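Here is a friendly briefing to read with the structure open in your viewer. Please take a look at the fold, and then follow the points below by topic.

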Amino acid sequence: MKLLIRVDINTKVYVILVILIYTVTSRYLQCSHKKMQRWIRQLSVLPILLLTACAMGPDFIRPQVETAEKFRLSEMEGESIANMRWWELLQDETLQHLIRQALQENKDLKRAIASVEEFQARSRIAFMDFVPNVDYDASAPVFGTLGGFGIPGFPTPFNYFGRTTLNWEIDIWGRIRRSNEAARAELMAREENRRAIILALISAVAQSYFDLLQFDIQLDIAHRALSSWEESVAISRAQLQGGIISRLDLDQFEAERANAASRVAELERRVVQKENELSVLLGRNPVVIARRHLLTEQVIPPEVPAGLPSELLQRRPDILQAEQALAAATARIGAAKAARFPKLSITGFLGVASPALSNLLLSGSEFGVGGLGLAGPLLNAQSLGFEQRAAEAQAKQALAQYEQTILIAFKEVEDALVAIRTIGEQLKAQRQQVEALHSALRVADLRYQGGITSYVDVLLAKRNLFDAEFSLSAAQRFHLVSVVQLYNALGGGWAPENSRDHETR
């Protein structure tokens, strides 16, 4: 057990209250009874007692975490993309408007904000344990008395009396200090949870918006495919009547037309469902979501450096939340340990009492007593020991959760980095595929019109082209989403010194 050389702010307030009460009360009672004066002067030992008292339990120290010098798949050096503001990363004005609506109206975020307010109040409640608990009560026999007796200067049900009672626990073992540490850490954890929800909300709105833009492109492709197959079916029916093609060829064209019609219906359904999902993120009933720019018109940074792994521990709100949860669990060990020791408190009451209301304030009607109280566990000491063990086990759980959160954070960053690293080559290859299939379709159509080949070659070329265009739009959307996921994984969008206004701009 070490002496508390470094005095925290709660102890300072505690000592100031002791000195203030001692000074004011001793001056007020200079002309009062000598016994009362001696009792008040004995309070002067309390500041020394507090300064030399120890706080039970371990002090929180951030666990050491080994980090590499750089991320495994990070090839670029420079300032991390996470230092960008979300409106600098996502430059689509319509998307920015949707994100601001979500930051104002999203219900999960409102709940998180209310949770922060709740724990602010709980932190203040815990702090009030440092302050003396003073109550008052009074009584007046206004309905008369029958029998009974009264002792002069002492309250009974047959007297008029007013009384003030005092109960002040002296935090010798640090129970109150540790409880306050836990309350402050829980408050900070809730604040980090609010920031985590803000970042996740920005990411979710952006990804849902990019999904909508992808569906728009694919729906346009599906409509063009359906129109093309309907034209082919009409031509095939005429050719069948002329005996140029067989019924089998017509059936194949009709099957492709039905497949295109099915895709149109599916995409129309997915568009509405995605709009409904995005509306919930915006905190609104399902509505049509406006779109201005196409998926291919979205601007993304040409370079997306990840920064240093060590920065991740200071930036990601879920890691900071887990760290504060560990700090709170560590502080509760000290509070549980201190609860096993006797509690020292200052108790007393002061008042006036008289059988007659007219004599209530006269000399001789006052009464009072003050002293020290000592209370400690006896038969329940063993259960308090188990409480301490439970607190220690909770701290171990919090430590494991903290370490697991860090592992998941690094995994998410590496996943996003490898996605961005490979999507460029994928996009290049799929664009080349689409160009090649466009050329193949033109050649197949010319060969068919020249009578060199059957229309089956045109059918296959169309089918392959439409599938490739679908895949290209999906890859374009995946590129945008990968950048947003990296931004989210790095804890982007805010820094610890930033205000809430900057976060939600």
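Lining the largest cavity of this predicted model are Glu169, Ile170, Asp171, Ile172, Trp173, Gly174, Arg175, Ala338, Pro342, Lys343 and Leu344. Its volume is about 50 Å³, and a search of the whole structure turns up two cavities of 30 Å³ or more. One of the lining residues, Trp173, returns below as half of an aromatic pair with Phe341.

**The largest cavity**
- Strand 2 and strand 3 each give at least two residues to the lining of the largest cavity.
- Sorted by class, that lining holds six nonpolar residues, four charged residues and one polar residue.

**Aromatic pairs**
- How many aromatic pairs does the count come to? There are four aromatic pairs.
- One of them joins Trp86 and Trp87 in an edge-to-face arrangement, with 5.3 Å centre to centre and 85 degrees between the planes.
- Trp86 and Trp87 are both buried.
- Another is the tilted pair of Trp173 and Phe341, at 5.0 Å centre to centre and with 40 degrees between the planes.
- This tilted pair ties together distant parts of the chain, as its two members are 168 residues apart.
- Trp173 sits in the loop between strand 2 (160-170) and helix 7 (175-241), while Phe341 sits in the loop between helix 10 (317-338) and strand 3 (343-354).
- Are Trp173 and Phe341 buried, exposed or partly exposed? Trp173 has a relative accessible area of 26%, so it counts as partly exposed; Phe341, at 29%, is likewise partly exposed.
- Partly exposed covers the range from 20% to 50% relative accessible area, which is why the values of 26% for Trp173 and 29% for Phe341 place both residues in that class.

**Charges over rings**
- Arg163 is placed over the face of Phe349, 5.9 Å from the ring centre.
- Arg263 is placed over the face of Phe470, 4.4 Å from the ring centre.

**A serine in helix 7**
- Where is Ser228 found? Ser228 belongs to helix 7.
- Ser228 counts as buried because its relative accessibility is 15%, and the cut-off for buried is under 20%.
- Leaving aside residues up to four places away in sequence, Ser228 touches Lys462 and Phe466.

Note on methods. Residues are numbered from 1 along each chain as its sequence is written. This is a predicted model: local features need pLDDT of at least 70, side-chain atom pairs count only at pLDDT 80 or more; totals for chains, interfaces and linings use all residues. Side-chain values use heavy atoms; hydrogens and water are left out. Rings of Phe, Tyr and Trp (its six-membered ring) pair if their centres lie within 6.5 Å; planes under 30 degrees apart count as stacked, over 60 as edge-to-face and the rest as tilted. Buried means under 20% relative accessible area, exposed over 50%, partly exposed in between (1.4 Å probe, protein chains only). Helices (H or I, at least four residues) and strands (E, at least two) are DSSP runs, numbered from the N terminus. A charge sits over a ring if NZ of Lys or CZ of Arg is within 6 Å of the ring centre and within 35 degrees of the ring normal. Contact means heavy atoms within 4.5 Å. On a 1 Å grid over the protein atoms alone, a cavity is a set of points where a 1.4 Å probe fits but cannot get out, and a pocket is an open set with protein on both sides within 12 Å along at least five of seven lines; lining residues have an atom within 4 Å of a point. Grid points are joined across faces, edges and corners, and a volume is the space filled by probe spheres set on the points. Ala, Val, Leu, Ile, Met, Phe, Trp, Tyr, Cys and Pro count as nonpolar, Asp, Glu, Lys and Arg as charged, and the others, Gly among them, as polar.
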